[in-house]
Amino acid sequence: RLVPIAANWVLYPRFAKSDAAAAASTSRRMILRAGAVTAVGALPLALGAVLVIPVLFGSAFRPAVLPAQILLVGLAAEGVGGVVTAFLFGRGRPGLNSLAAGAGVTVTVSLDVWLIPRYGAVGAAIASSIAYLTTTFCLVLWYRHVIGRAAPVTALEPIIPGLARIPPNFARR
């Protein structure tokens, strides 16, 4: 999660001092880059978890490998969220970020209640991953709403299927 947090703190002031067109242009470029960094970075972490977790914590923690890998699926899109959060904050729309976070919390609580009793730590990891992706999905929808036209969603299509079919002005309807 360091890349998204860093992107947020570095880009937020830039988006705040830029005019709307420049902020939208810069954010469009940065969304795909930051998304690629976290998505590509998640793969070696997921593969490395098989070795690293048991070595660092002992063989008793081997069952933690699968939940860690599942969490990385949800975190793979966090780079996108970091840039979009910075954009929304910088353009004076922090409440939209809060709405996206609220959607993620709602998904987390709902799925935790359902999945943890049945699947334990794996269920918790699934719930969290789905919540992370839900938050990122909502952030991208709000971003598209704020810029008023289609955001660069084609690269996100494998992560969030169907995103390209959602009209950019969905919230105005």
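## Surroundings of Leu-88

In this predicted model, Leu-88 is in contact with Arg-93, Pro-94, Leu-96, Asn-97, Leu-139, Trp-142 and Val-146, not counting its neighbours within four places in sequence.

## Nonpolar cores

Leu-88 also belongs to the largest nonpolar core, which has 21 residues. Together with Phe-15, Val-83, Val-84 and Phe-87, Leu-88 touches the most other members of that core. At least two residues come from each of α1, α2, α4 (78–90) and α5 (94–147). The biggest contribution is that of α5, with eight residues.

A separate core of five residues lies apart from this one. Val-107, Leu-115, Ala-127 and Ala-131 are among its members.

## Packing of α1 on α2

Helix α1 (residues 2–17) and helix α2 (residues 20–57) have axes that come within 11 Å and cross at roughly 170°. Angles over 145 degrees count as roughly antiparallel, so α1 is roughly antiparallel to α2.

On the α1 side, the contact is made by Val-3, Pro-4, Leu-11, Arg-14 and Phe-15. On the α2 side, Ala-23, Thr-26, Ser-27, Met-30, Val-37 and Thr-38 take part. Sorted by class, the residues of this contact are seven nonpolar, three polar and one charged. Phe-15 of α1 thus appears both here and in the largest nonpolar core.

## The chain overall

The chain has five helices and zero strands, giving the pattern α-α-α-α-α along the sequence. Of its 173 residues, 39% are buried. Among contacts between residues at least 6 apart in sequence, 70% join residues at least 24 apart.

The accessible surface of the chain is about 9100 Å², and carbon and sulfur atoms account for 70% of that area.

Methods
Residues numbered from 1 in each chain as written. Predicted model: local features only at pLDDT ≥ 70, side-chain atom pairs only at ≥ 80, totals over all residues. Heavy atoms only, no water. Helix = DSSP H or I, 4+ residues; strand = E, 2+ residues; numbered from the N terminus. Buried < 20%, exposed > 50% of the residue type's maximum accessible area, 1.4 Å probe, protein only. Contact = heavy atoms within 4.5 Å. Areas by Shrake-Rupley, 256 points an atom, 1.4 Å probe, with all protein chains shown as cover. Axes fitted to C-alpha atoms, helices over the stretch in contact; angles between N-to-C directions. Parallel < 35°, antiparallel > 145°, perpendicular 65-115°, else oblique. Nonpolar A, V, L, I, M, F, W, Y, C, P; charged D, E, K, R; others polar. Core = buried A, V, L, I, M, F, W, Y, C linked by side-chain atoms within 4.5 Å.
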